[in-house]
Amino acid sequence: MHGVDYMPLKLFCAEMNYECQWDRFRGVATVHGSRHDVTFAVGSSVLLVDGRAGRLTHPIRWYRGAVMAPQILEEYFTEPAARTTAVQLLQRHPVRHIVLDPGHGGKDPGARGVTSTVEKVITLDLSKRIADVLRQAGYQVSLTRSNDTYIALEDRTKIAHQRGADFFISIHANANNSSSLQGMEVYYLNPKSMTHELNRAAAQGKMVALPYAASSMQAGADVKAILWDMRNVEHRRQAIELGNTVGRKIANKIGAKYRGVRAARFKVLRDANIPAALLEVGYLTHSTEGRRLAQSSYRQQLAQAIGEGLQEYFSTYRRTDGFTQ
Ligand SMILES: [Zn+2]
């Protein structure tokens with residue numbers, strides 16, 4: 001395997017008499033050594049030693065249904081300093097660069113509602129306004145599209161990765177057969193989509209590259225991804241935190257309704273290897289909200305509230321290095 005000596009993790013733990021907790025659904029393992037606890041994910045070369053991020057020379061891999069670790073992993077358990085010269089990468093990753101993704105565009109108009117203004121127009125205008133609010137607060141913001149062009153869903157997170165963004169937020173407006181529904185919903189990726197891939201690969205005894213496989217990414221991004229992903233609970237908590245912070249702002253500032261945080265398997269979020277969320281800012285099919293969303297004055301108010309909410313969330317995120325506890 002690439003000229004690097006790999007060993008089955010199970011054998012290593014048995015020989016060393018270390019306890020190993022293996023979460024096969026997320027492909028994440030924690031090995032409790034005599035000196036250190038080491039956590040890592042299959043497909044990634046990033047690991048946490050006693051909660052601090054470090055990096056292996058080669059990723060942990062699947063091979064014929066077994067989790068294989070590079071031989072060098074041993075040293076993380078035996079050295080007193082546990083190789084944490086490998087730095088506290090976490091602290092280097094506050095949210096600085098945000099990619100906003102105006103939903104739909106070009107040949108894909110998105111949802112229609114009570115006015116003639118379609119979703120793609122609203123999401124683009126709103127994203128530009130949110131970008132202005134965040135830029136004024138000192139954030140670097142870019143958009144996946146700045147005009148009425150069509151971008152395939154799978155290309156949208158790719159754009160964010162290429163630009164080295166820290167956070168990806170897709171902006172949409174909702175529609176429903178029931179005209180009584182109104183308010184904002186916040187979605188995050190349901191990690192089950194990853195589970196499915198992992199399980200299938202494991203069942204076939206294949207090696208698997210997770211979406212955040214280190215090889216295809218620039219330095220640092222897989223750290224953000226693994227930390228975001230390694231703790232499903234934390235991931236969910238972050239999404240709830242983001243939703244609640246933005247939701248509180250839109251409720252207090254403009255009296256809009258906040259409907260909560262949901263998990264989903266939106267295709268646009270699926271390939272994200274950075275923290276990602278999708279905002280459904282309101283219902284185009286609601287008689288009042290739909291008309292408001294078509295007005296630029298309302299969109300300015302909404303953008304201001306969303307922008308302030310995001311700022312508040314990001315400053316908390318920075319203080320806690322991406323962890324809420
Ligand atoms: Zn949409």
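Helices (H or I, at least four residues) and strands (E, at least two) are DSSP runs, numbered from the N terminus. The views below show a predicted model, in which local features need pLDDT of at least 70 and side-chain atom pairs count only at pLDDT 80 or more, whereas totals for chains, interfaces and linings use all residues. Residues are numbered from 1 along each chain as its sequence is written, and side-chain values use heavy atoms, with hydrogens and water left out.

**View 1. The chain as a whole, with its secondary structure and its surface.**
The secondary structure of the chain amounts to 10 helices and 14 strands. Of its 325 residues, 53% count as buried, where buried means under 20% relative accessible area, exposed means over 50%, and partly exposed is in between (1.4 Å probe, protein chains only). About 14400 Å² of the chain is exposed, and carbon and sulfur atoms supply 46% of this area; accessible areas come from the Shrake-Rupley method with a 1.4 Å probe, and for residues only the protein chains shown count as cover. Among the contacts in the chain with a separation of 6 or more, 72% come from residues 24 or more positions apart, a contact being heavy atoms within 4.5 Å.

**View 2. The zinc site and the residues that supply its donors.**
H104 (NE2), E119 (OE) and H172 (ND1) coordinate the zinc ion at 2.1 Å. Donors here are N, O and S atoms within 2.8 Å of the metal (3.2 Å for Na, K and Ca), and sites may look incomplete because water is not among the atoms. Along the chain, the donors of the zinc ion follow the spacing H-x14-E-x52-H. Since E119 belongs to helix α3 (residues 119–136) and H172 to strand β11 (residues 167–174), the pair ties together parts that are 53 residues apart in sequence. E119 and H172 are both buried, and H104 is likewise buried, with a relative accessible area of 18%.

**View 3. The loop between β9 and α3, with H104 and K107.**
H104 is placed in the loop between β9 (97–102) and α3, and this residue has a positive phi of about 65° although it is not a glycine. K107 lies in the loop between β9 and α3, and at 68% relative accessibility K107 counts as exposed. From C-alpha to C-alpha, K107 and Y150 are 6.2 Å apart in space, while 43 residues separate them in sequence.

**View 4. The open sheet of 5 strands and the hairpin of β5 and β6.**
The strands of this open sheet follow the order β2-β3-β4-β5-β6, with antiparallel pairing; two strands pair if DSSP finds at least two bridges between them. β2 and β6 stand at the edges with a single partner strand each, so one side of each is left without a neighbour in the sheet. On average, and with direction ignored, neighbouring strands of this sheet are turned by 20° against each other. Strand β4 (residues 37–41) runs antiparallel to β5 and is joined to it by 3 bridges, with V38 standing opposite V49 in β5. Strand β5 (residues 46–49) is in turn joined to strand β6 (residues 52–55) by 4 bridges, again in antiparallel fashion, and V49 stands opposite R52 in β6. The hairpin of β5 and β6 has 2 residues between the strands, and D50 takes a positive phi near 50° in it.

**View 5. The open sheet of 3 strands and helix α1.**
This open sheet has the order β1-β8-β7 and antiparallel pairing. Its edge strands are β1 (6–8) and β7 (61–63), each of which pairs on one side only. From one strand to the next, the twist averages 45°. β7 and strand β8 (residues 66–70) pair in the antiparallel sense over 3 bridges, and R61 has M68 in β8 as its bridge partner. Helix α1 (residues 9–16) packs on the sheet, touching β1 and β8, and its direction makes about 70° with that of β1. Axes are lines fitted to C-alpha atoms, for helices over the stretch in contact, and angles run from 0 to 180 degrees between N-to-C directions. α1 also lies across β2, β3 (28–32) and β4, running at about 15° to β3.

**View 6. N17 in the loop that follows α1.**
N17 is placed in the loop between α1 and β2 (19–23). Although N17 is not a glycine, it has a positive phi of about 65°. With a relative accessibility of 70%, N17 counts as exposed.
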